[in-house]
Amino acid sequence: MSFDSARAAYVGNSVSTASPARLLVMLVERLALDVERALQAQLDRDWAEAHTQLLHAQEIVVELATSLQADRISGGNELAMLYEFLRNRLVAANVNRDEQTTAQALLLARGVRDMWQQAATVAAAV
């Protein structure tokens with residue numbers, strides 16, 4: 001078994017056995033990673049890579065927004081608006097090839113990641 005196939009098997013197993021809270025944390029961790037990679041690609045003037053990373057980040061935000069049941073959690077409507085704002089920043093960063101906008105999106109993505117990590121930790125303790 002090659003390293004790549006072993007890694008793919010490990011990742012697949014991790015995802016298939018993760019709790020819903022862990023899956024959400026994994027998703028927002030990937031969101032932050034995608035935006036970090038996009039920013040680095042923009043700084044390197046690798047526009048194709050930046051585009052790829054920003055598109056994937058947008059897909060994650062769309063998934064977060066569509067799976068959000070805003071009426072079931074406190075602050076759900078505000079979170080929905082935050083997701084929409086983040087998605088708009090990611091689109092603008094991509095269209096305008098703007099490192100500053102990507103850096104702003106990265107701060108937001110990290111905030112979302114940190115929020116869900118903390119929520120998962122609290123939920124696990126209950």
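**The nonpolar core**

In this predicted model, begin by selecting Leu31, Val35, Tyr83 and Leu90. Within the largest nonpolar core, which has 23 residues, these four touch the most other members. Helices H2, H3, H4 and H5 each contribute at least two residues to this core, and H2 gives the most, with 6 residues.

Next, centre the view on Leu90 and display its surroundings. Setting aside residues up to four places away in sequence, Leu90 touches Val35, Leu54, Ala57, Gln58, Val61 and Ala105. Val35, which appears in this list, is itself one of the four core residues selected above.

**The whole chain**

Now return to the full chain and colour it by secondary structure. The protein chain has 5 helices and 0 strands, and its elements run α-α-α-α-α from the N terminus on. Of its 126 residues, 29% count as buried. Among contacts between residues at least 6 apart in sequence, 64% join residues at least 24 apart.

**Helix H2**

Select residues 20-43, which form helix H2. This helix has 24 residues and reaches 35 Å from its first C-alpha to its last, close to the 34 Å expected at 1.5 Å a residue.

Which residues of H2 are buried? They are Val25, Val28, Leu31, Ala32, Asp34, Val35, Ala38, Leu39, Ala41 and Gln42. An α-helix has 3.6 residues a turn, so residues three or four places apart point the same way. With that spacing in mind, select Val28, Leu31 and Val35, which are among the buried residues of H2. The buried residues of this helix pack against H3, H4 and H5.

**Two turns with positive phi**

Follow the chain just past the end of H2 and select Arg45. This residue lies in the loop between helix H2 and helix H3 (47-67). Arg45 has a positive phi of about 60 degrees, although it is not a glycine. Most residues other than glycine have a negative phi.

A second residue to compare is Arg97, found in the loop between helix H4 (76-96) and helix H5 (99-125). Its phi is near 50 degrees, again a positive value in a residue other than glycine. Is the side chain of Arg97 to be sought among buried, partly exposed or exposed residues? Arg97 counts as partly exposed because its relative accessibility is 47%, which lies between the 20% and 50% limits of that class.

**Helix H5**

Continue from Arg97 into residues 99-125, helix H5. H5 has 27 residues and reaches 39 Å from its first C-alpha to its last, close to the 39 Å expected at 1.5 Å a residue. Its buried residues are Glu99, Thr101, Thr102, Ala105, Leu106, Ala109, Val112, Arg113 and Trp116. They pack against H2, H3 and H4.

**Leu106 and Glu36, where H5 meets H2**

Select Leu106, which is found in helix H5. Leu106 counts as buried because its relative accessible area is 6%, under the 20% limit. Leaving out residues up to four places away in sequence, Leu106 touches Ala32, Val35, Glu36 and Leu39. For a distance to draw in the viewer, take the C-alpha atoms of Leu106 and Leu31: they are separated by 8.9 Å, and the two residues are 75 residues apart along the chain.

Then move to Glu36, in helix H2. At 28% relative accessibility, Glu36 counts as partly exposed. The C-alpha atoms of Glu36 and Leu106 are separated by 6.5 Å, although their positions lie 70 residues apart in the chain numbering. What else does Glu36 contact, leaving aside its neighbours within four places in sequence? Besides Leu106, Glu36 is in contact with Arg110 and Arg113. Arg113 is one of the buried residues of H5.

**The largest pocket**

Finish by selecting Pro20, Ala21, Leu24, Ser67 and Trp116. Of the 17 residues that line the largest pocket, these lie nearest its centre. H2, H3 and H5 are the elements that give two or more residues to this lining, and H2 supplies the largest share, 6 residues.

About 420 Å³ of space lies in this pocket. Colouring the lining by class shows 14 nonpolar, 2 polar and 1 charged residues. Trp116, one of the residues nearest the pocket centre, is also among the buried residues of H5.

How values were computed: Residues are numbered from 1 along each chain as its sequence is written. This is a predicted model: local features need pLDDT of at least 70, side-chain atom pairs count only at pLDDT 80 or more; totals for chains, interfaces and linings use all residues. Side-chain values use heavy atoms; hydrogens and water are left out. Helices (H or I, at least four residues) and strands (E, at least two) are DSSP runs, numbered from the N terminus. Buried means under 20% relative accessible area, exposed over 50%, partly exposed in between (1.4 Å probe, protein chains only). A nonpolar core is a set of buried Ala, Val, Leu, Ile, Met, Phe, Trp, Tyr and Cys residues joined through side-chain atoms within 4.5 Å. Contact means heavy atoms within 4.5 Å. The expected span of a helix is 1.5 Å times one less than its number of residues. On a 1 Å grid over the protein atoms alone, a cavity is a set of points where a 1.4 Å probe fits but cannot get out, and a pocket is an open set with protein on both sides within 12 Å along at least five of seven lines; lining residues have an atom within 4 Å of a point. Grid points are joined across faces, edges and corners, and a volume is the space filled by probe spheres set on the points. Ala, Val, Leu, Ile, Met, Phe, Trp, Tyr, Cys and Pro count as nonpolar, Asp, Glu, Lys and Arg as charged, and the others, Gly among them, as polar.
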